[in-house]
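Me: Please take a close look at one part of this model, and explain how it is built and what it touches. I am in my first year, so please take the reasoning one step at a time.

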Amino acid sequence: MEEALVRDISPKPASAPVNLFLRRGGRWQESLIQWVFYVCALVSVITTASIIVVLVKESWGFFREESIFDFLFGTTWTPLFVPRSFGVLPLVNGTFLIVAGSALIALPIGLSTAIYLSEYASTRVRSVIKPMLEILAGIPTVVYGYFALTFVTPALTMVYGETRVFNAASASIVVGIMVLPMVASLCDNALRAVPSSLRQGGYALGATQFEVTTTIVAPSALSGILASFVLAVSRAIGETMAVTLAAGATPRMTLNPMESIQTMTAYMVQVSLGDVPAYGIEYKTIFAVGSLLFFITFVMNILSAMALRRFREKYE
Amino acid sequence: MNEVGNLPRRRLKAKLFHLFCAFVTFMGVAFLVILLFHIWKEGHHWVDWQFLNSFPSRFVEKAGIKSALWGTIWLVGLTAAISIPVGVAAAIYMEEYASKGKLNTFIEINIQNLAGVPSIVYGILGLAIFVRWFNLERSVLAGSLTMSLLILPIIIIASRESIRAVPSSIRQGSFALGATRWQTVRAHVLPAALPGILTGLILALSRAIGETAPLVMIGALAYVAFVPEGPMDSFTALPIQIFNWASRPQEKFHQLAAGGILVLLAVLLMMNAIAIIIRQRAERKMK
């Protein structure tokens with residue numbers, strides 16, 4: 001570090017013209033470097049653009065053959081065998097069954113964990129639990145799928161008696177565990193960002209810690225908490241491997257979590273596991289379903305970012 | 001007024017709430033312990049040299065993860081080679097060069113959105129662009145390009161944060177001595193930001209190691225009885241192999257999957273440990 005500095009500024013006696021030349025060369029390099037960096041920054045914009053172009057182009061081919069109305073509101077999804085039917089609602093139903101189940105686990109547990117970490121835990125307990133949650137968050141989703149199949153489903157069988165091998169319940173449980181660390185860590189950030197003067201005001205009025213937490217801290221952090229909830233739901237919607245392994249491959253309109261279902265993501269995996277002819281209708285369905293998935297998660301991510309911005313404006 | 005008069009009850013409530021939150025928190029930790037214990041119990045007796053050094057097979061006793069392990073090494077190596085320069089360069093541009101204009105805000109929002117796109121969407125992007133349009137087939141290169149796009153937002157966000165944390169006095173000192181912007185970045189900003197950037201890179205690459213869905217979408221194969229020798233070879237990867245074994249009905253294959261998971265988790269834990277060591281060293285240096 002220092003060497004470079006010395007090299008750059010060390011006076012070179014009687015070499016003024018050379019120096020000038022170097023500087024001019026330096027400027028030329030400078031703008032080249034800046035230009036290269038600029039292109040690298042644009043890669044992300046190009047990525048977004050290509051996602052949209054690919055989704056629109058490929059699903060355009062699909063919607064020329066099938067009506068978009070039947071796709072969005074049809075209740076039978078049998079694209080892989082005759083009679084073909086392209087109503088996507090059973091897949092959406094499956095996805096939302098998973099989302100509801102996992103939210104039931106991840107949101108309350110995640111929020112309570114965050115409250116414990118930010119309001120109650122000592123620094124030492126925090127420094128043990130935080131890394132553990134990080135490990136939980138870093139475990140690949142296929143591992144959760146395996147866990148659902150070989151541990152959660154047998155456990156459900158023990159509790160409820162005979163259970164299907166593939167069911168929405170065990171998939172939702174593991175998806176819930178999977179997004180829990182994210183909820184906990186985002187809510188923790190939000191709660192900790194609430195100024196401690198607000199808490200002290202509460203205590204000064206004689207409130208207990210429970211009352212301070214539930215009536216002052218949590219409401220103050222509400223938009224941050226909501227942002228994390230929306231993000232968690234969006235993650236659960238896009239979750240793929242666990243639901244593919246554990247939830248089954250039978251698209252159906254049901255609200256019973258003990259049934260075998262299929263989510264949008266699991267369908268996409270199912271199709272690509274079979275050998276799909278590149279330009280058949282099955283290939284195009286991936287992109288139609290993918291577009292819907294992208295659209296839903298995109299809207300949720302934007303909502304979450306908006307909630308977070310409101311929260312930041314308030315406290316940061 | 002009623003509430004004020006009920007002090008013992010309010011205190012009890014507070015106590016119960018505290019206990020409840022603590023209980024729930026330890027439940028989360030318990031999930032982790034149960035998960036790891038279950039996988040260890042199912043898989044540890046499968047992990048031996050023969051398992052690491054055999055190709056997948058129909059016969060459980062002969063099956064191994066040689067091709068998957070090598071596929072993952074190829075995939076991560078290529079992904080790192082593609083995504084690290086691009087990601088760090090993008091982060092440098094946004095922090096050190098870009099004026100705080102509309103374009104920069106646009107790129108920033110865009111990167112945040114990309115970080116939230118489900119991984120399977122990157123998979124169909126890779127399928128359409130790299131596999132079909134560029135005709136890269138189901139090669140390691142197609143997989144690495146797809147993974148690179150997936151982890152770029154993570155790399156950029158982490159690198160930007162650690163570049164931003166470098167005090168601006170360091171830059172000003174360098175400028176004052178006549179250094180150009182690139183000289184300043186190369187000689188001062190990057191070395192100071194390096195530990196943070198490295199940590200981010202390791203976390204991003206461990207994400208690439210564990211991701212399954214994009215690889216399934218671009219058609220990485222499950223049965224590969226050879227080690228890839230170049231970027232255009234077809235390949236399999238650890239998570240794909242695990243997925244394949246876990247999706248079979250036979251119990252023995254589930255145990256093989258657990259063995260594969262143990263190897264995968266060991267790799268990930270090692271990477272995380274390295275990241276933690278780098279972070280701690282940097283913190284000690286700062287002090």
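Reply: Among the contacts in chain A with a separation of 6 or more, 73% join residues that are 24 or more positions apart. This figure, like those that follow, comes from a predicted model. The secondary structure of chain A consists of 13 helices and 2 strands. Of the 316 residues in chain A, 46% are buried.

The domain assignment divides chain A into domain 1 (15-65) and domain 2 (77-315). Taken over C-alpha atoms, the centres of these two domains of chain A are separated by 35 Å. The contact between them takes 7 residues of domain 1 of chain A and 8 residues of domain 2 of chain A. On the side of domain 1 of chain A that touches domain 2 of chain A, there are 3 nonpolar, 2 polar and 2 charged residues.

A single residue now deserves attention. Where does Gly290(A) lie? Gly290(A) belongs to helix α13 of chain A, which covers residues 281-315. Is Gly290(A) buried or exposed? A residue counts as buried if 20 or more other C-beta atoms lie within 10 Å of its own. Gly290(A) has 28 other C-beta atoms within 10 Å, and therefore it is buried. Leaving aside residues up to four places away in sequence, Gly290(A) touches Leu55(A) and Met268(A), together with Val121(B) and Ile124(B). Between Gly290(A) and Thr150(A), by contrast, there are 29 Å from C-alpha to C-alpha, with their positions 140 residues apart in sequence.

The contacts of Gly290(A) with chain B lead to the interface as a whole. There, 71 residues of chain A are in contact with 76 residues of chain B. Helix α2 of chain A (residues 16-65) supplies the largest share of the side of chain A that touches chain B, namely 18 residues. By class, that side of chain A has 46 nonpolar, 22 polar and 3 charged residues.

Chain B is likewise assigned two domains, domain 1 (4-45) and domain 2 (50-286). The C-alpha centres of domain 1 of chain B and domain 2 of chain B lie 34 Å apart. Each of these domains of chain B gives 5 residues to the contact between them. The side of domain 1 of chain B that touches domain 2 of chain B has 2 nonpolar, 2 polar and 1 charged residues.

Within chain B, helix α4 (residues 102-115) allows a check of its geometry. At 1.5 Å a residue, its 14 residues should span 20 Å, and its end C-alpha atoms are 20 Å apart, so the two values agree. Which residues of α4(B) are buried? They are Ile107(B), Ile111(B) and Leu114(B). Seen down the axis of α4(B), the buried residues fall within an arc of 65°, which means that they line one face of the helix. An α-helix has 3.6 residues a turn, so residues three or four places apart point the same way. On the other side of α4(B), the exposed residues are Lys102(B), Thr105(B) and Phe106(B).

The loop between α5 (119-133) and α6 (140-164) of chain B contains Asn135(B). Glu137(B) is found in the loop between α5 and α6 of chain B as well. Most residues other than glycine have a negative phi. Asn135(B), however, has a positive phi near 60° and is not a glycine. Glu137(B) is not a glycine either, and its phi is positive at about 55°. Asn135(B) has 9 C-beta neighbours inside 10 Å, so it counts as exposed. Glu137(B) has 15 C-beta neighbours inside 10 Å and therefore counts as partly exposed.

Finally, there is the confidence of the prediction. The mean pLDDT of chain A is 86, with 90% of its residues at 70 or more. Within chain A, helix α1 (residues 2-9) has the lowest confidence, at a mean of 45, and helix α4 (residues 89-120) the highest, at 95. Over residues 1-24 of chain A, pLDDT stays under 50, and the model has 11 contacts beyond four places in sequence for this stretch. For chain B, the mean pLDDT is 89, and 97% of the residues reach 70 or more. In chain B, confidence is lowest in helix α2 (residues 49-52), at a mean of 86, and highest in α6(B), at 94. The model scores ipTM 0.90 and pTM 0.88.

Technical notes: Residues are numbered from 1 along each chain as its sequence is written. Chains are lettered from A and ligands numbered from 1 in the order in which they are written. This is a predicted model: local features need pLDDT of at least 70, side-chain atom pairs count only at pLDDT 80 or more; totals for chains, interfaces and linings use all residues. Two residues are in contact if their C-beta atoms, placed from the backbone, lie within 7 Å. Helices (H or I, at least four residues) and strands (E, at least two) are DSSP runs, numbered from the N terminus. Ala, Val, Leu, Ile, Met, Phe, Trp, Tyr, Cys and Pro count as nonpolar, Asp, Glu, Lys and Arg as charged, and the others, Gly among them, as polar. A residue is buried if 20 or more other C-beta atoms lie within 10 Å of its own, exposed if 12 or fewer, and partly exposed in between; C-beta atoms are placed from the backbone. Domain bounds come from an automatic or database domain assignment. pLDDT is the predictor's confidence in each residue, from 0 to 100. The expected span of a helix is 1.5 Å times one less than its number of residues. The arc is that of the directions from the helix axis to the C-beta atoms.
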